[in-house]
Amino acid sequence: AEKLQRAQGRSSATDTINSAQSLSHYITQQGDVPLQGNEQLEPEVNELRAEVQQLTIEQIQQEQLLERLQAEIDTNLQRYHLPKDDLARPSDSLNKLFTHLRERHLHELAD
């Protein structure tokens, strides 16, 4: 989750993907308009389309990973009978979980 948050910083992967998708959408809207004698650009356009497709796949994979991690946090909150605040960020819930486990571990060491 932290890696994804860092990736969404100033020059985020999401912005790059959105820009590439916008370019792909523009190209798609243009349809099969000939490149007006600039056939040298066709390989580059095809390469950009492939990159957009690859970035889209990576974005979907990252979103799925994030969802799985958030579900795992929720599962662990339930396992340790900790209340879930629906308005809290997943990182806050994870901190709550780590705090609980740390305290539990310290209590076991004291016994």
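**Close-up views of a four-helix predicted model**

**View 1. The contact between α3 and α4.** Gln 70, Ile 73, Asn 76 and Leu 77 of α3 meet Pro 90, Ser 93, Leu 94, Lys 96 and Leu 97 of α4. Sorted by character, the residues of this contact between α3 and α4 comprise five that are nonpolar, three that are polar and one that is charged. The structure shown in this and the following views is a predicted model, and the legends should be read with that in mind. The axes of the two helices, α3 and α4, come within 10 Å and cross at roughly 35 degrees, and the crossing of α3 and α4 is left-handed.

**View 2. Ser 93 in helix α4.** Is Ser 93 buried or exposed? With a relative accessibility of 6%, Ser 93 counts as buried, because the limit for a buried residue is under 20% relative accessible area. Ser 93 lies in helix α4 and, once residues up to four places away in sequence are set aside, touches Ile 73, Leu 77 and Ala 88. Two of these partners, Ile 73 and Leu 77, are also listed among the α3 residues that meet α4, while Ser 93 itself is listed on the α4 side of that contact.

**View 3. Lys 84 and its two salt bridges.** Lys 84 forms a salt bridge with Asp 74, in which the closest N and O atoms are 3.2 Å apart. Lys 84 lies in the loop between α3 (41-79) and α4 (90-110), whereas Asp 74 belongs to helix α3, so this pair ties together parts that are ten residues apart in sequence. Lys 84 also forms a salt bridge with Asp 86, and here the closest N and O atoms are 3.6 Å apart. As for the surroundings of these side chains, Lys 84 counts as partly exposed at 44% relative accessibility, and Asp 74 likewise counts as partly exposed at 27%, whereas Asp 86, at 64% relative accessibility, counts as exposed. Side chains of opposite charge can pair when their charged atoms come close.

**View 4. The salt bridge of Arg 89 with Asp 92, and the salt-bridge network.** The side chains of Arg 89 and Asp 92 meet in a salt bridge with an N to O distance of 3.3 Å. Arg 89 is exposed, with a relative accessible area of 52%, while Asp 92, at 33% relative accessibility, counts as partly exposed. Which residues do salt bridges with shared partners join into one network? The network consists of Asp 74, Lys 84 and Asp 86. Counted by the rule that a side-chain nitrogen of Lys or Arg must come within 4 Å of a carboxyl oxygen of Asp or Glu, the salt bridges come to four, among them the pairs of Lys 84 with Asp 74, Lys 84 with Asp 86 and Arg 89 with Asp 92.

**View 5. His 81 in the loop between α3 and α4.** His 81 is found in the loop between α3 and α4, and its phi is near 55 degrees, a positive value in a residue other than glycine. The residue is exposed, with a relative accessible area of 72% for His 81. Lys 84, described in View 3, lies in this loop as well.

**View 6. Two pairs of positions separated along the chain.** Ser 22, found in helix α2 (residues 13-30), is 30 residues away from Val 52 in sequence, and the two are 9.5 Å apart in space, C-alpha to C-alpha. Ser 22 counts as partly exposed, at 47% relative accessibility. In the second pair, the C-alpha atoms of Ala 71 and Pro 90 are separated by 9.4 Å, although these residues are 19 residues apart along the chain. Ala 71 lies in helix α3 and counts as partly exposed at 40% relative accessibility, while Pro 90 is one of the α4 residues that meet α3.

**View 7. The protein chain as the setting for the close-ups.** The protein chain has four helices and zero strands, and from the N terminus on its elements run α-α-α-α. Of the 111 residues in the protein chain, 13% are buried, and Ser 93 of View 2 counts as buried. Among contacts in the protein chain with a separation of 6 or more, 40% are made by residues 24 or more positions apart. The protein chain exposes about 9200 Å², of which carbon and sulfur atoms supply 51%.

Definitions and conventions:
Residues numbered from 1 in each chain as written. Predicted model: local features only at pLDDT ≥ 70, side-chain atom pairs only at ≥ 80, totals over all residues. Heavy atoms only, no water. Buried < 20%, exposed > 50% of the residue type's maximum accessible area, 1.4 Å probe, protein only. Contact = heavy atoms within 4.5 Å. Axes fitted to C-alpha atoms, helices over the stretch in contact; angles between N-to-C directions. Left-handed = near helix turned anticlockwise from the far one by under 90°. Nonpolar A, V, L, I, M, F, W, Y, C, P; charged D, E, K, R; others polar. Areas by Shrake-Rupley, 256 points an atom, 1.4 Å probe, with all protein chains shown as cover.
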